[in-house]
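Here are three short exercises to work through with the model open in your viewer. Try each task before you read its solution.

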Amino acid sequence: MASNPSSSIPFLLSVILVLVVGKYAFVNIAFLPTFGNGRNPQINLAGHCDPTTNGCTRFSSEIQSCQSRGIKVMLSIGGAAGSYSLSSTDDARQVATYLWNNFLGGQSSSRPLGAAVLDGIDFDIQGGTTQHWDEPASSGNLVNYWNQWTTSIPATNFFLGLPASPNAAGSGFIPAADLTSKVLPTIKGSAKYGGVMLWSKYFDDQTGYSSSIKSSV
């Protein structure tokens, strides 16, 4: 994570690079929803390319262009509709080796996104869990949750994850005006504050949420 406050967004590679530059500091490519327990790992970019025919390798140059401008590009694994699990420590090692060789700094003859070397892995492990998007927002205890997370989890930076539209989650949407006037002024005082993460670029394009909050992030 970056040490300076910034914006991050799970991202489907279907947009022109200029839309990304200047707005986001991190891009999460979503998702690799199939892996582990004997499954053949498979990315699914929601119809933007066909990984079975190496169709997603065409995004390699766009990824590298983002990186050349200081934007970190990561692969998000898991998701709400995936088929994934880890059956053992050895299984976990095999998945880690696959990710290293096919998306990070390793070597493979079948890299799904081509020669581009991603900057890291985002774990969006929702299988068997409930996201509870609405609990902090609806209860009015967002700051209490933030303090709990930042004190109990040993990480350097935390990004506040939010739906970019009322339609992006079942509930829990925080209007931009409330976020910038009530929430951010409080949590930005934390030494572990890293920025804001939005789901997703599709919804952000519809609402302009990131543009509304950018100057306050």
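**Exercise 1: a strand and its partner**

In this predicted model, seven of the seven residues of strand β2 (residues 26-32) are buried, so β2 is largely enclosed by the rest of the structure. Your task: find how many bridges join β2 to strand β4, and which way the two strands run.

Solution. Start with the pairing: β2 and β4 (residues 72-79) run parallel and are joined by six bridges. Then pick out one pair of positions: Leu 32 is opposite Ile 77 in β4.

**Exercise 2: the two sides of a helix**

Work out which residues of helix α2 are buried and what covers them.

Solution. First, the helix itself: α2 (residues 89-103) has 15 residues and spans 21 Å from first to last C-alpha, close to the 21 Å expected at 1.5 Å a residue. Next, list the buried residues of α2: Asp 91, Val 95, Tyr 98, Leu 99, Asn 102 and Phe 103. These cover an arc of only 95 degrees around the axis, which means they sit on the same side of α2. On the other side, Thr 89 and Arg 93 are exposed. Finally, the cover over the buried residues includes β2, β3, β4 and β6 (120-125).

**Exercise 3: an arginine in a loop**

Is Arg 58 buried or exposed, and which backbone oxygen lies 2.5 Å from a polar atom of its side chain?

Solution. Locate Arg 58 in the loop between β3 (34-35) and α1 (60-68). Its relative accessible area is 51%, and the cut-off for exposed is over 50%, so Arg 58 is exposed. The backbone oxygen at 2.5 Å belongs to His 48, while that of Gly 55 lies 3.3 Å from a polar atom of the Arg 58 side chain.

Notes. Residues are numbered from 1 along each chain as its sequence is written. This is a predicted model: local features need pLDDT of at least 70, side-chain atom pairs count only at pLDDT 80 or more; totals for chains, interfaces and linings use all residues. Side-chain values use heavy atoms; hydrogens and water are left out. Helices (H or I, at least four residues) and strands (E, at least two) are DSSP runs, numbered from the N terminus. Buried means under 20% relative accessible area, exposed over 50%, partly exposed in between (1.4 Å probe, protein chains only). A polar contact is a pair of N or O atoms within 3.5 Å; within protein, one must be able to donate a hydrogen and the other to accept it, and residues adjacent in sequence count only if both atoms are side-chain atoms. Two strands pair if DSSP finds at least two bridges between them. The expected span of a helix is 1.5 Å times one less than its number of residues. The arc is that of the directions from the helix axis to the C-beta atoms. Contact means heavy atoms within 4.5 Å.
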